[in-house]
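Please look at the sequence and the model shown here. The report that follows goes through selected parts of the two chains in turn.

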Amino acid sequence: MTKTLSIVVVEEDQERAVAIVDALKEACVCDVFVVGNSSGLARKIAAHVPDIVLIDAGNPTRDVMEELTLASGPLERPVAMFVSGAAGGLAQAAIEAGLSAYFVDGLAPGRLKPVMDTAIARFAMVRQMRSELAETRRALEERKVIDRAKGLLMKAKGLDEEAAYALLRKAAMDQGRRVADVAEALVTASGLLG
Amino acid sequence: MKTTTIPAAYVPLVDAAPLIVAHELGFAEAEGIALDLTAAPSWSSLRDMLAFGRVDAAHMLSPLPVAMAMGLGGIATALSAVSVLSVNGTVIGVGKPLEDRLRALGYDFDFVDPFKAAEALAQVRRGPIVLGVPFPFSMHVELLRYWSRASALGPEGIVIRTVPPALMASALAAGEVDAFCVGEPWGSVAVERGVGALLLPGKAIWSFAPEKVLAVRTNWAEAEPDLLARLLRATWKAGRWLADPNVHAAASDLLSRKAYLDVPSELINRALSGHLIVSSRGAHRQIDGFLEFHRGAATFPWRSQSRWIAQHLCQSHGSGNPTADTIANVFRSDLHRLHLSMLDPDLPGASEKVEGAIPRATPVASAGGRLTLLPNEFFDGQIFDPSAL
C-alpha cells in the first residue's frame, strides 16, 4: 500500500485555500495542509514533512521555498521543482496557470500527475477570475472618468450628453488615443485649472 | 529598421535601472528593439519566466545562473550572463535590538570597517546572528559568508534565512531575523521605517562585487545574435547614462514611479548618489562607488567573477565542480566583447583577472588604451587567482 500523500498549500486567502483543498481531496488520497504567508514559512512547511508544496507563482514569499530545495535547508528530504522527466511537461502548464509546485525527489510521476492536473486547473481558474475582476474594475473606473469628462464638456460648452461624448470620441480618434485616456487628461487638466 | 519586442523581467530594485532606463529613455528604441518589461514578484518566479521562455532576458542575481549551471536549485536550463548590469549596491544592516546594544557598546556605525563591525557584533550577540537575505543564491549570501569566515563573527556565528525584501521590516519587528543584507532601496526603507540601522555597504567586504547580471537563455543567445547585440548596446548605453551624477535626480524620479519601484524618489537617490542615511537619527555617510553601472568596465562579465562565485557556492553547498570550463563560461566575456567592441573601444583585453588584486584605480590594456579598472579588493586582503584553481 502506498503512503497517503502529504500536500502543503501556501495560501493566505481562506476561501481560495478551501477551494484548492476540496479539489485536491477529490483528485487523490492525500492530507492537505494550508499555510498562510508569514516570515517563519520554511519552518512551518518543514513541520508537515510534505511530499508536494503548492504555491501561487505571484506570491513574493515563494523565494523562501527555494531554501527547502537545498540539501542544507530545513527539510531533510530534498525538494525539487520540476527537475526533468515526466514532470517536465507539467512545468510549462503550471507556469502558465501561475502555479509553482515543489515535490520531493523520487516521487512517482503517476502519483504526481493527478495532483498537478487538479492544481493547475484550479489555479488557472482563479487566475482567470482575478483578471476578469481586474478588467471589470478598470472598465468601471474608466466609465466614471468618461462620465466626469462629459459633464465638464456639457457645462463648459453647453452641449448635451451625446454631443459631449461625440467630441471626446473625435478628439480620441484624431490623436490616436483611447476615449478613456482623453477623458482622464481632460479631468486632470480641469482639476489643475481649478 | 523593424522594431522587435524583447520580453524582459526584473525585480523592483535600484539596480534594475539599466533595463528600465533603456526602455524609458529610448536607448532600446534607438537599437530597433522594444523592451516589454515585467516586474517579477520573486527571484524564483523571475528565474522560471526566463528558463521556461516567458521572457527572453532578465535582471538576475549574479550567482543564480552559476548555481543553475552547477545543478543547484532544481532548474537546469543553461543561462548566459552576457553583461554585468551592476557592481556593488547592497547594504548590511541590523534591527533595533542589535542597534541599541551596539550603541550601548559605543560602536560608531562608521559604515566602513568590516573588522570593527564584526568585533562589535560578536561582543553583543546572544547566540548566532540570524541574517535575512533575499535569495539563497545571491551575492548577499556569499558576502556575508566571506565576512563571517574572515572576521570575529566566525562561520558558525551567523545563520542565513531567506526573507523577501518587502517583508524584511516585519521579519525584523517579529524577531524572525536580527539583521539583514539587501539591495537598495530596501535598506534605506528599513532605516526610514525606524526598524534598523545600516552597518556596512556590501562593497566594504568586496569592493568590486558583480551584483546583478543581464541573463538570457544560452540557446536564445545563439539563435538571436542580432537581437542580443541590440539588447546589449541598449543596456550598456543606459548604464553609461546612469553613471553621470547629473542624471541621478531624474533617474530617481523615473524609478520611483508606481509601475517600477513605487518608493519615494529621495530613497532611490541615496543609492544612486552613494549618499546614505545609516540610522533613524539621520547620520550621513558618503560612499564612493556605492553602486556602479559603467565606470571601470563595470558591465564586463569577467570569467574570473564566475569562477569566484562557483568556488564559493561549492563551499557553501558542497557540490559542483568550480573548476569546470562550463562554469566560467556562464559569464560570457566573449559575447560581450563581440557585440560591444564597436561601441566601446575600452573593453578589457583579458577575460580573466586576479580578483581582489587592485588596491587603487589602475590603467590596464584595452584596444582604446583608456581603460582604468577601479579598486577591487577583499576586506581581508586575500586574492582569488583563477589560474591557481
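A:I55 stands opposite A:S100, a residue of strand β5 of chain A. The model is a predicted one. The strand that pairs with β5(A) here is β3 of chain A, residues 52-56, and the two run in the antiparallel sense over five bridges. Strand β5(A) covers residues 99-104, and five of its six residues are buried, so the rest of the structure largely encloses it. Strands of a sheet are held to each other by backbone hydrogen bonds, in either a parallel or an antiparallel arrangement.

Chain A as a whole has seven helices and five strands. Along the sequence their pattern is β-α-β-α-β-α-β-α-β-α-α-α. Chain A has 194 residues, of which 33% count as buried. If contacts in chain A are taken between residues at least 6 apart in sequence, 58% of them join residues at least 24 apart.

Chain B is assigned two domains: domain 1 consists of 4-88 + 209-259 + 292-348, and domain 2 of 90-208. The centres of domain 1 and domain 2 of chain B, taken over C-alpha atoms, are 26 Å apart. Where they touch, 19 residues of domain 1 of chain B are in contact with 18 residues of domain 2 of chain B. On the domain 1 side of chain B, the elements giving two or more residues are α4 (63-69), β4 (79-88) and α14 (303-317). The residues on that side of domain 1 of chain B are 11 nonpolar, six polar and two charged.

Two sheets of chain B can be set out strand by strand. One is an open sheet of six strands with mixed pairing, in the order β2-β1-β3-β10-β4-β13 of chain B. Its edge strands, each paired on one side only, are β2 (33-39) and β13 (291-292) of chain B. The other is an open sheet of five strands, also with mixed pairing, in the order β7-β6-β8-β5-β9 of chain B. Here the edge strands are β7 (158-162) and β9 (196-201) of chain B, and each pairs on one side only. Neighbouring strands of this five-stranded sheet are turned by 30° against each other on average, direction ignored.

Each of these sheets contains a parallel pair with a known opposite residue. Strand β1 of chain B, residues 4-10, runs parallel to β2(B) and is joined to it by seven bridges. In this pair, B:A8 stands opposite B:L37 of β2(B). Strand β6 of chain B, residues 129-133, runs parallel to β7(B), with five bridges between them. There B:G132 stands opposite B:R161 of β7(B).

Which strands do the helices lie across? Helix α1 of chain B lies across β1, β2, β3 (57-61) and β4 of chain B, at about 135° to β2(B). Helix α3 of chain B, residues 43-51, lies across β1, β3, β4 and β10 (210-217) of chain B, at about 145° to β3(B). Helix α1(B) spans residues 17-24, and eight of its eight residues are buried. Among them are B:L19, B:I20 and B:V21. Just after α1(B), B:G26 takes a positive phi of about 85°.

Two further helices of chain B, α11 (residues 225-242) and α16 (residues 333-340), pack at an angle of about 80° with their axes 9 Å apart. Angles of 65 to 115 degrees count as roughly perpendicular, and α11(B) and α16(B) are therefore roughly perpendicular to each other. The contact is made by B:L228, B:A229, B:L232, B:R233 and B:W236 of α11(B) together with B:L335, B:H336, B:H339 and B:L340 of α16(B). By class, this contact of α11(B) with α16(B) has six nonpolar, two polar and one charged residues.

Some backbone angles in chain B deserve a separate note. Most residues other than glycine have a negative phi, and most peptide bonds are trans. The table lists two residues that have a positive phi although they are not glycines.

| Residue | Phi | Place |
|---|---|---|
| B:N88 | about 60° | strand β4 of chain B |
| B:A297 | about 55° | loop between β13 and α14 of chain B |

A residue counts as buried if 20 or more other C-beta atoms lie within 10 Å of its own. B:N88 has 29 such atoms within 10 Å, so B:N88 is buried. B:A297 has 21 C-beta neighbours inside 10 Å and therefore counts as buried. A cis peptide bond, with omega of about 15°, joins B:E184 and B:P185. B:P185 lies in the loop between β8 (179-183) and α9 (186-192) of chain B.

Technical notes: Residues numbered from 1 in each chain as written. Chains lettered and ligands numbered in written order. Predicted model: local features only at pLDDT ≥ 70, side-chain atom pairs only at ≥ 80, totals over all residues. Helix = DSSP H or I, 4+ residues; strand = E, 2+ residues; numbered from the N terminus. Buried ≥ 20, exposed ≤ 12 C-beta atoms within 10 Å, placed from the backbone. Contact = placed C-beta atoms within 7 Å. Domains from an automatic or database assignment. Nonpolar A, V, L, I, M, F, W, Y, C, P; charged D, E, K, R; others polar. Pairing = 2+ DSSP bridges. Axes fitted to C-alpha atoms, helices over the stretch in contact; angles between N-to-C directions. Parallel < 35°, antiparallel > 145°, perpendicular 65-115°, else oblique.
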